[in-house]
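Student: I'd like a close look at one part of this protein, the salt bridges and the helices they join. Could you walk me through that part in one go?

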Amino acid sequence: MTIASAVLERIPEQVRPIIIRQRVLLKFGMTGGLCYAVTTAIYYALKFTLLQSKPVTALLVATAAATALSYVLQRRWAFRVTNGRRRSSEILLFVLINAISMGINAIPLYAARYWFGLAEPHVSQRVQEFSDFFSGMIIGTLLAMLFRWWAYRSFVFSSRNLAGEQVERRSGR
């Protein structure tokens with residue numbers, strides 16, 4: 001039994017058709033949740049050790065590490081249907097999209113710290129940590145996730161029908 005089958009068995013029958021139609025979105029979200037946990041763990045490990053004075057750098061490093069895991073999971077699970085573009089083109093687009101999304105993810109944290117002054121000594125350590133978490137890990141991640149969902153569907157995995165069926169090319173067929 002697959003993970004998806006086990007999850008579907010626990011969902012009420014009335015909701016199952018909706019979940020099945022949106023399975024790629026669900027898989028994208030589950031993959032994102034795991035990568036979010038990886039990003040959070042690495043971010044705080046770096047932020048409280050090697051990169052104490054550089055929270056934006058810590059967030060970028062953590063996001064880059066989770067991106068490698070994300071590609072494998074997105075490619076092999078969420079967007080696994082076949083007959084896509086060449087793997088080298090797909091990886092290049094994936095890296096480009098994720099580089100852009102890393103910038104999107106870092107903007108709220110950068111703004112909170114350096115534009116709005118939500119850092120010590122202007123605010124307490126507690127306010128700084130709350131601001132870092134909320135701006136970087138919540139707002140930044142949400143904005144980057146929305147961008148990635150759109151970009152993966154539009155560019156990276158665009159030659160696939162996300163319902164699992166072959167997409168007909170616009171060549172008159």
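Tutor: Sure, let's start with one residue. Arg113 is buried, because its relative accessible area is 9%, and buried here means under 20%. Keep in mind that this is a predicted model, with every value computed from it.

So what does Arg113 pair with? Asp132 forms a salt bridge with Arg113, and their closest N and O atoms sit 2.7 Å apart. Since Asp132 belongs to helix H6 and Arg113 to helix H5, this pair ties together parts that are 19 residues apart in sequence. Asp132 itself counts as buried, because its relative accessible area is 0%.

Asp132 has another partner as well. Lys47 forms a salt bridge with Asp132, and here the closest N and O atoms are 2.6 Å apart. That pair links distant parts of the chain: Lys47 is in helix H3 (residues 23–47) and Asp132 is in helix H6, 85 residues apart. Lys47 is buried too, because its relative accessible area comes to 3%.

Put those together and you get a bigger picture. Lys47, Arg113, Glu129 and Asp132 are linked in a network of salt bridges. The structure holds four salt bridges.

One of the salt bridges pairs Glu90 with Arg75, whose side chains meet at 2.6 Å, N to O. Glu90 is in helix H5 (residues 87–115) and Arg75 is in helix H4, so this one ties together parts that are 15 residues apart in sequence. Both Glu90 and Arg75 are buried.

Now for the packing around Asp132, where helix H4 comes in. The axes of H4 (residues 55–78) and H6 (residues 125–156) come within 13 Å and cross at roughly 35°. H4 passes H6 in a right-handed crossing. On the H4 side, the residues that meet H6 are Pro55, Leu59, Ser70 and Gln74. Their counterparts in H6 are Asp132, Gly136, Met137 and Tyr152. Sorted by type, the residues of this contact divide into four nonpolar, three polar and one charged. Asp132 counts as charged because Asp is placed in that class, along with Glu, Lys and Arg. So Asp132 turns up in the H4 to H6 contact as well as in the salt-bridge network.

For a contrast with the buried residues so far, look at Met30, which is placed in helix H3. Met30 is partly exposed, because its relative accessible area is 37%, and partly exposed covers the range between 20% and 50%. Met30 and Ala78 are 48 residues apart in sequence, yet their C-alpha atoms are 9.0 Å apart in space.

Finally, here is the whole protein around this part. There are six helices and zero strands, and from the N terminus on the elements run α-α-α-α-α-α. Of the 173 residues, 36% count as buried. Among contacts with a separation of 6 or more, 71% come from residues 24 or more positions apart. As for the surface, the protein exposes about 10,600 Å², and carbon and sulfur atoms supply 65% of that.

Terms used: Residues are numbered from 1 along each chain as its sequence is written. This is a predicted model: local features need pLDDT of at least 70, side-chain atom pairs count only at pLDDT 80 or more; totals for chains, interfaces and linings use all residues. Side-chain values use heavy atoms; hydrogens and water are left out. Axes are lines fitted to C-alpha atoms, for helices over the stretch in contact, and angles run from 0 to 180 degrees between N-to-C directions. Helices (H or I, at least four residues) and strands (E, at least two) are DSSP runs, numbered from the N terminus. A crossing is left-handed if the near helix is turned anticlockwise from the far one by less than a right angle, and right-handed if clockwise. Contact means heavy atoms within 4.5 Å. Buried means under 20% relative accessible area, exposed over 50%, partly exposed in between (1.4 Å probe, protein chains only). Accessible areas come from the Shrake-Rupley method with a 1.4 Å probe; for residues, only the protein chains shown count as cover.
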